[in-house]
Amino acid sequence: MMVNTPDILNASILIVDDQEVNVSLLEQMLREAGYARVASTMNPHEVCALHRKNRYDLILLDLQMPGMDGFQVMEGLKTNDADSYLPVLVITAQPGHKLRALQAGAKDFISKPFDLVEVRARVHNLLEVRLLYRKLENYSKELEHAVQERTAELRESEARYRSLTELASDWYWEQDENGNFSKVSGPVLEMLGLQTPALAGEKAGVQLSGWNEAERTQLQATIAARQPFLDFLFSRIKADGSQQQFRVSGEPMFNRASRFIGYRGIGVEITAGH
């Protein structure tokens with residue numbers, strides 16, 4: 001991620017100083033250095049409104065001004081929720097103010113009287129950091145948007161998959177992390193033959209006899225271990241002596257925090273003539 005020189009020279013800069021001679025000197029220096037978007041004000045009370053409107057990439061701020069000093073201006077700038085990076089380069093003739101200014105949120109400082117070479121270097125460096133920060137901020141927003149779009153696509157795909165699996169199978173089910181059925185499509189309770197709490201508003205599931213206990217125990221152990229299973233075969237003997245066979249597949253479900261939230265699966269009866 002790079003910042004080109006034309007981008008730096010096209011960055012927006014605001015000069016804030018109550019002394020006209022200082023404003024003129026800084027404006028001339030910046031324009032001679034190639035900066036194309038330089039604005040100024042001698043009224044510190046205007047700074048916050050101007051920054052909300054223009055979102056300057058850098059503010060050269062004098063600390064000692066009558067009526068409202070630079071520290072008060074910085075406190076006002078912090079209320080701008082749209083800008084989490086405070087792009088302030090303070091101007092001061094008081095060495096003791098430098099540390100206080102940095103603690104107040106300024107990114108750097110220049111001393112009076114001006115060393116124009118130093119001013120140009122600090123302006124260039126701060127603008128480079130500012131524009132990199134903005135690129136990173138925009139990239140993060142683009143990445144977040146891409147993730148949201150991808151998540152929506154996956155949810156839509158999953159919904160289609162569920163619809164297809166329900167059409168292609170005799171039954172579909174989902175269980176929560178406690179093993180309770182949260183969604184049932186088809187005669188799941190009867191086919192699984194498991195004694196489980198029923199869905200809200202329904203009668204409790206009844207455990208039916210005739211199941212192959214070894215097969216069912218193996219299936220329940222796989223589920224308890226939170227392992228996926230594919231085309232697991234199990235069977236039961238009906239009251240008339242005939243045999244039913246089923247093929248079932250299932251997988252554990254996890255949320256975005258990788259916490260187990262339940263199981264889902266499909267199944268089909270494969271008894272001859274079914």
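The legends below walk through several close-up views of a predicted model.

Residues are numbered from 1 along each chain as its sequence is written, and side-chain values use heavy atoms, with hydrogens and water left out. Because the model is predicted, local features need pLDDT of at least 70 and side-chain atom pairs count only at pLDDT 80 or more, while totals for chains, interfaces and linings use all residues.

**View 1. R264 and E251 meet in a salt bridge.** Start with R264, which lies in strand 10 (residues 260-269); strands are DSSP runs of E with at least two residues, helices are runs of H or I with at least four, and both are numbered from the N terminus. The side chains of R264 and E251 form a salt bridge of 2.6 Å, N to O, a term for a side-chain nitrogen of Lys or Arg within 4 Å of a carboxyl oxygen of Asp or Glu. E251 belongs to strand 9, so the pair ties together parts that are 13 residues apart in sequence. R264 is buried at 17% relative accessibility, whereas E251 is partly exposed at 31%. Here buried means under 20% relative accessible area, exposed means over 50%, and partly exposed falls in between (1.4 Å probe, protein chains only).

**View 2. R247 and D231 form a salt bridge between two strands.** The N to O distance here is 3.4 Å. R247 sits in strand 9 (residues 243-254) and D231 in strand 8 (residues 229-237), and the two residues are 16 apart along the chain. R247 is partly exposed, with a relative accessible area of 32%; D231 is also partly exposed, at 41%. Take a second look at the backbone of D231: its phi is positive, about 50°, although D231 is not a glycine. Most residues other than glycine have a negative phi.

**View 3. K78 and E75 meet in another salt bridge.** How far apart are the N and O of this pair? The distance is 3.2 Å. K78 is partly exposed at 41% relative accessibility, and E75 is partly exposed at 44%. In the whole structure, a search finds nine salt bridges.

**View 4. F229, F254, F260 and Y263 are linked into a cluster by ring pairs.** A pair of aromatic rings is described by the distance of the centres and the angle of the planes. Rings of Phe, Tyr and Trp (its six-membered ring) pair if their centres lie within 6.5 Å; planes under 30 degrees apart count as stacked, over 60 as edge-to-face and the rest as tilted. By this rule the count comes to three aromatic pairs. F254 and F260 make one edge-to-face pair, with 5.8 Å between centres and 65° between planes. F260 and Y263 have centres 6.2 Å apart and planes at 70°, so this pair is edge-to-face. F254 is partly exposed, with a relative accessible area of 45%, while F260 is buried at 10%. Y263 is buried too.

**View 5. F181 and Y263 are far apart in the chain numbering, with 82 residues along the chain between their positions.** Their C-alpha atoms are separated by 9.1 Å. F181 is in strand 7 (residues 181-185) and counts as buried, at 6% relative accessibility.

**View 6. Two arginines each lie over a phenylalanine ring.** The charged end of R100 is 3.7 Å from the centre of the F71 ring. R122 lies over the face of F109, at 5.7 Å from the ring centre. A charge sits over a ring if NZ of Lys or CZ of Arg is within 6 Å of the ring centre and within 35 degrees of the ring normal.

**View 7. K112 and P113 are joined by a cis peptide bond.** The omega angle is about -5°. P113 is found in the loop between strand 5 (108-111) and helix 6. Most peptide bonds are trans.

**View 8. R226 has a positive phi in a loop.** Which angle does R226 show? Its phi is about 60°, although R226 is not a glycine. R226 lies in the loop between helix 8 (213-224) and strand 8, and counts as partly exposed at 43% relative accessibility.
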